[in-house]
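Student: I would like to learn how to read a strand pairing and its side chains in a model. Could we work through one together?

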Amino acid sequence: MTYADLFYEIKGKFMGADVSDIHEHLAFQFNIEDADAGGIFYVEVKEGVLYVEPYEYYDRDAMFTCAPDVLLGIADGEVDPVTAFTEQKLRVEGNIDKALRLKEIIELKQKGK
C-alpha cells in the first residue's frame, strides 16, 4: 500500500462523520510511520465541517503518530485510540483534552454508516 492509497482510504473513512454539532475548532495531524505508506495528513473540524487533507498542519491541537494498521483500525472503529495509546501503538503530542475528541469523531462516523 502506498501513502496515496492509505490517505484516500482513511479520508473515505473519516468523511462519513457528521460533525455538524461540533462547533469547537479541532485540528489533528497524523504522522504515519511506514516504509511504503508513510506520510503526513491532517483532520480538521471547523465550523461543523470536516476536512481531511494530505498536508502538515502547523497550528494543530494534537499530533498522532502510528503505523498504518493502527490508524486503519482506529478509523474503522475496531481499535480504541485510548487503548492504542496505553499499549504504546499510538503516540500523542499536544492538547490531550482535544486529542480525546478523536474518539468522538470516530463514533460519529460509526453512527453515519
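Student: Which residue in the turn between strand 2 and strand 3 has a positive phi?

Tutor: This is a predicted model, in which local features need pLDDT of at least 70 and side-chain atom pairs count only at pLDDT 80 or more, while totals for chains, interfaces and linings use all residues. Residues are numbered from 1 along each chain as its sequence is written, and side-chain values use heavy atoms, with hydrogens and water left out. Strands are DSSP runs of E with at least two residues, helices are runs of H or I with at least four, and both are numbered from the N terminus; two strands pair if DSSP finds at least two bridges between them. Here strand 2 and strand 3 form a hairpin with 2 residues between them, and Glu47 in the turn has a positive phi of about 55°.

Student: How many bridges join strand 2 to strand 3?

Tutor: Strand 2 (residues 39–46) runs antiparallel to strand 3, and 5 bridges join them; Glu44, for example, has Tyr51 in strand 3 as its bridge partner.

Student: Which side chains of strand 3 are buried?

Tutor: In a regular strand the side chains alternate between the two faces of the sheet. Along strand 3 (residues 49–53), Leu50 and Val52 point to one face and are buried (under 20% relative accessible area with a 1.4 Å probe, protein chains only), whereas Val49, Tyr51 and Glu53 point to the other face and are not buried.

Student: What is the order of elements in the protein chain?

Tutor: From the N terminus on, the order is α-β-β-β-β-α-α-β-α-α, with 5 helices and 5 strands. Buried residues make up 43% of the 113 residues.

Technical notes. Buried means under 20% relative accessible area, exposed over 50%, partly exposed in between (1.4 Å probe, protein chains only).
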